[in-house]
Amino acid sequence: MKYLSALLLLILMGTSIAANAPALPGDSLYQLQARLTARDGSRLRLDQLRGRPVLISMFYASCGGVCPAVAFNMRRMEAALTAEQRQNLRPVIVSFDPVHDDRAALGKFARDNKLEDPRWIVARTAEPSVRELAAALRFRYRELPGGGFSHSTIITVLDADGVVRARTSELAVLDPEFMRVLSAITSTKVQP
Amino acid sequence: MRTQLTALLVLVASVAAGAERVAIGPGKFESVLPPGPGITSMDVRRFLLDRKPVTNAQFLGFVRAHAQWRRDLAPQLLADSQYLAHWRGPLDLGPAAGSSQPVTHVSWFAAKAYCEAQGARLPNWYEWEYAAAASETSPDARRDPAWRQRILDWYARPSTAGLADVGGAPANYYGVSDLHGLVWEWVLDYNALLVSNDSREQGGADRAKFCGEGALSAKDRENYAVLMRIAFLSSLEANYTTANLGFRCAAEAK
């Protein structure tokens, strides 16, 4: 009986939790079942990013040129926001080279590219999540025989529910349309 | 009991599916999409490939066992609004979707999930291209003008006619059917073939940056059928579905 009531309680709790969280939109990135490991070793499910806008791209740590440029551009986008807007935004960059990018490699990439602010999530995820995440973000990468990758430079902004609101591959200047969306979406106060 | 029965049925189904898969390779071959500059020949490891594309009936079995892949339940992120649109209902093929016709209107995510549910995977591009280089009599018929022409003729046919049943055409050298002449097929690395710096550029093939510093092999540029396939696959996103795009599964050779 005791077990039964405990079980009943659990079921009720489960139901109320489910009822409190509005259903995830069908086109949310968080429909993917992916687990990230951050550079400090902490783990999170992709859908735990829900709740605030996210600026997201992908990289590989041994990348010499383009990936630092992507990271630099993400920082530049942040810098163009007000301090309050920045607090509403979660920047995330995920490795698509899980074979080589262990925690040490993630840490080095974060140091070298000034991504050590704790708001930043510099993470890796195992296959098959890498391929699925890249596919959902329309991020293309191809391993080259001599080592390294050819890859896209897409940076995406997600709303608080994980729905893609804008994408850009512009590296030379800040894409004005992208910045307009990023600014608007981070101006809305988020729940702490 | 029910769980055990389901597990048994899944086992029986996967054994049956396993019998429908043939071993191919290992071998050396020249892809129209060389892995890198100056590399013309590459090794394909031994792998297993389905003899035929996955059918509507087979895919219906999968959807019945995995309700999250019903067309009314699959999220838009994983399958667009035309997913399984040719079926009469979420669990009902209806007259427009023959049970032995290749399943189409499936996204990459859905195709991938189907193969994983069989303990398999989607073939990668090089495996697919390697298997598809074979005619009925030769493992590599790509220099045979008559064979090339036959394949090109398929692309020239209007796609308004209904799809034939799978396995209707003669099997190739390896015992695999329908690699050409029936539907386009998803591959695992559909999005790694032509890497463009910008997804918006995918529409304009001339602006796409072809696989890093490499380029399509000039040597084999007359292999239009395969080049067309690469261009088509590269234009897709993972949740896209079309009336002529299906798939088959592959697996590691034991």
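Begin the tour by selecting helix 6 of chain A, where A:Phe178, A:Leu182, A:Ile185 and A:Thr186 are buried. Seen down the axis of this helix, the buried residues fall within an arc of 95°, so they line one face of helix 6 of chain A. The model on display is a predicted one.

**Around helix 6 of chain A**

Keep helix 6 of chain A selected and turn to its other side, where A:Pro176, A:Glu177 and A:Arg180 are exposed. An α-helix has 3.6 residues a turn, so residues three or four places apart point the same way. Next, add the partners of the buried face to the selection. The buried residues of helix 6 of chain A pack against two helices, helix 2 (66–79) and helix 3 (83–88), and against two strands, strand 8 (155–158) and strand 9 (164–168), of chain A.

The length of the helix may also be checked in the viewer. Helix 6 of chain A covers residues 176–187, and its 12 residues should span 16 Å at 1.5 Å a residue; the end C-alpha atoms are 16 Å apart, which agrees.

**Chain A as a whole**

Now display the whole of chain A. Its secondary structure comes to 6 helices and 9 strands. Of its 192 residues, 38% are buried. When contacts in chain A between residues at least 6 apart in sequence are taken, 66% join residues at least 24 apart.

**The strands around strand 1 of chain A**

Select strand 1 (residues 35–38) and strand 2 (residues 43–45) of chain A, which pair in the antiparallel sense over 3 bridges. Within this pair, A:Leu36 has A:Leu44 in strand 2 of chain A as its bridge partner. The hairpin of these strands has 4 residues between them, and A:Gly41 there takes a positive phi near 90°.

Then add strand 5 (residues 121–124) of chain A, which pairs with strand 1 of chain A in the antiparallel sense over 2 bridges. Here A:Ala38 stands opposite A:Ala123 of strand 5 of chain A. Strands of a sheet pair through backbone hydrogen bonds, either parallel or antiparallel.

**Where chain A meets chain B**

Show both chains together. The contact takes 20 residues from chain A and 19 residues from chain B. On the side of chain A that touches chain B, the elements giving two or more residues are helix 5 (129–136), strand 6 (141–143) and strand 7 (149–151) of chain A. By class, this side of chain A has 7 nonpolar, 9 polar and 4 charged residues.

**Chain B and its sheet**

Hide chain A and view chain B, which has 6 helices and 7 strands. Along the sequence, these elements of chain B follow the pattern α-β-β-β-β-α-α-α-α-β-α-β-β. Chain B has 254 residues, of which 39% count as buried. Among its contacts between residues at least 6 apart in sequence, 74% join residues at least 24 apart.

Select strands 1, 4 and 7 of chain B: they form an open sheet of 3 strands in the order 1-4-7, with antiparallel pairing. Its edge strands are strand 1 (21–24) and strand 7 (250–252) of chain B, each pairing on one side only. From one strand to the next, the twist averages 30°. Strand 4 (residues 47–50) of chain B pairs with strand 7 of chain B over 3 bridges in the antiparallel sense, and B:Leu48 has B:Ala251 in strand 7 of chain B as its bridge partner.

Finally, add helix 4 (residues 125–132) of chain B, which lies across strand 1, strand 4 and strand 7 of chain B. This helix runs at about 70° to strand 4 of chain B.

Technical notes
Residues are numbered from 1 along each chain as its sequence is written. Chains are lettered from A and ligands numbered from 1 in the order in which they are written. This is a predicted model: local features need pLDDT of at least 70, side-chain atom pairs count only at pLDDT 80 or more; totals for chains, interfaces and linings use all residues. A residue is buried if 20 or more other C-beta atoms lie within 10 Å of its own, exposed if 12 or fewer, and partly exposed in between; C-beta atoms are placed from the backbone. Two residues are in contact if their C-beta atoms, placed from the backbone, lie within 7 Å. Two strands pair if DSSP finds at least two bridges between them. Axes are lines fitted to C-alpha atoms, for helices over the stretch in contact, and angles run from 0 to 180 degrees between N-to-C directions. Ala, Val, Leu, Ile, Met, Phe, Trp, Tyr, Cys and Pro count as nonpolar, Asp, Glu, Lys and Arg as charged, and the others, Gly among them, as polar. The expected span of a helix is 1.5 Å times one less than its number of residues. The arc is that of the directions from the helix axis to the C-beta atoms.
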